[in-house]
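Q: Could you walk me through how some of the labels used for this fold are earned?
A: Happily; here it is, and then we can take the labels one by one.

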Amino acid sequence: MAAVAYTGVSAQNNVAEEVAWTIGDQPIYKSEIEEAYQQMLYDHMTIKGDPYCYVPERLAIDKLFLNQADIDTVEVQAAMVAQQVDSWINYLITNLGTKEKVEEYFRKSIPELREWRTEMVTNQSRIDQVKHSMVKNVKATPSDVRKYFETLPADSIPMIPLQVEVQLISINPTIPRQEIEDVKGRLRDYTERVNSGQSEFSTLAALYSEDQASSVRGGEIGFLGRGHLEPEYAAVAFNLNDPKKVSKIVETQYGYHIIQLIEKRGDRINTRHILLRPRVSQEDLKVASARLDSVSSDIKNGKFTFEDATRFISQDKDTRFSRGQMTNQENGTTKFEMSQLPPEIARVVSQMQPGEVSGAFTMMDPKRNREMVAIVKLTSRIEAHKANLSDDFITIKDMYEASAQEKIIKDWLKSKIKTTYVKIEDGWADCQFENEGWIR
């Protein structure tokens, strides 16, 4: 948990700061607790029990970790912090509508918000690094996992939802050349309207850009480094120097863009863009569907296997050379809960039995946000069940490692509390704290 501060209430409004706790030589003010409490409510964070017991204890724990970070001389990359802060501010602007509404809601200017968030992100990163250094050597052997599972109480063994393993063959129909030319023609028209002073770039982005996340902000994407931009986009954006001019048309995997410079700041840049995506024609989708329906029939009739077809037909780069087997990016395994699959695949698979091959269906390519055609094979289906070692070793291994890491951190915290000066003022100590040793 970060040492957070809610910016909706300014500590500057307090006539005198009231100290609630002291950790070492670090005070925890009543205003900090109020601010942190409101921020947790804003972030929908779980607060256990009385907030005026829970919140100050969280802040006290953070100060202990930050003290250890000072001892270990833990540092963070300023560029990483700035990236996260800019992303957060952009998120607020997207949700509240304008910079002015953000400032009104939080009762602070954008620079003040940026300064507060920078401190918060920096502190959290330092705390995370301290914790990581404590638990980085926790590695579970099969014997460790087996012994851990055998000692688990029956009511602590988790239920594993329905899981499936799926193989995929997909085709990306070619976008007609005329469709691409039409998209480029529209972008050239927008460029001419901006360069001639007829229209504002931000207005056109709000009206026509197909990047919904940025169009609500007039196409602005916030300060980003090269590593957070598509290479083709970055190459053009970082060469822009005149905020009044519009870039040439840029093609990325997401479509075609025109870009306007807002500001450069060191190795980061803030730009606006308008994104248009060429559409696959319905006729080409029908042709691709007919082709994959034919492939599906040939597989079912034994002319060749799904795996053979994958190598020669599939255009999916992630699965083509792994026999079509899809990999769950959340856990690195081939098992998916239904909610973790693309919705179109989940709908098809839900009606299938293991070993069955589907007919062709259209789905959105989650990376390029354009239509493609696919067939799938349901490799296996594991019904919902209580976790067991044979089917769920990775899940149980993760549980063991999390438990071992938690014990290391709790033991460290217990020792740190004992060896640190702690004073809790009257009115703040009548609590059932999560950790022992605060009150002596």
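Q: Why is Tyr190 called buried?
A: In this predicted model, Tyr190 has a relative accessible area of 4%. Buried means under 20%, so Tyr190 qualifies.

Q: What makes Tyr208 count as partly exposed?
A: Its relative accessibility is 32%. The buried class ends at 20% and the exposed class starts over 50%, so Tyr208 falls in between.

Q: How do you know that Trp21 and Phe433 are an edge-to-face pair?
A: Two values settle that one. The ring centres lie 5.4 Å apart, and pairing asks for centres within 6.5 Å. The planes meet at 80°, and edge-to-face means over 60 degrees, so the name fits.

Q: What makes this a link between distant parts of the chain?
A: Trp21 belongs to strand 1 (residues 19–23), while Phe433 lies in the segment after strand 13 (422–424), and the two are 412 residues apart.

Q: Why are Trp21 and Phe433 each called buried?
A: Trp21 has a relative accessible area of 0%, and Phe433 comes in at 13%. The limit is under 20%, so buried is the word for Trp21 and for Phe433.

Q: What makes Tyr190 and Tyr208 a stacked pair?
A: Their rings are 5.1 Å apart centre to centre, with 10° between the planes. Stacked needs planes under 30 degrees apart and centres within 6.5 Å, so this pair is stacked. Tyr190 sits in helix 7 (residues 177–195) and Tyr208 in helix 8 (residues 201–208), 18 residues apart.

Q: How do you know that the charged end of Arg226 sits over the ring of Phe238?
A: The charged end is 4.2 Å from the ring centre. The distance limit is within 6 Å, so Arg226 meets that part of the rule. Lys131 likewise has its charged end over a ring, that of Phe65, at 5.0 Å from the centre.

Q: Why does Val246 count as buried?
A: Val246 has 13% relative accessibility, and the class covers values under 20%, so Val246 is buried. Val246 is found in the loop between helix 10 (231–237) and strand 6 (250–252).

Q: Beyond its neighbours within four places in sequence, which residues is Val246 in contact with?
A: Its contacts there are Thr191, Val194, Asn195, Phe201, Ile258 and Ile259.

Note on methods: Residues are numbered from 1 along each chain as its sequence is written. This is a predicted model: local features need pLDDT of at least 70, side-chain atom pairs count only at pLDDT 80 or more; totals for chains, interfaces and linings use all residues. Side-chain values use heavy atoms; hydrogens and water are left out. Helices (H or I, at least four residues) and strands (E, at least two) are DSSP runs, numbered from the N terminus. Buried means under 20% relative accessible area, exposed over 50%, partly exposed in between (1.4 Å probe, protein chains only). Contact means heavy atoms within 4.5 Å. Rings of Phe, Tyr and Trp (its six-membered ring) pair if their centres lie within 6.5 Å; planes under 30 degrees apart count as stacked, over 60 as edge-to-face and the rest as tilted. A charge sits over a ring if NZ of Lys or CZ of Arg is within 6 Å of the ring centre and within 35 degrees of the ring normal.
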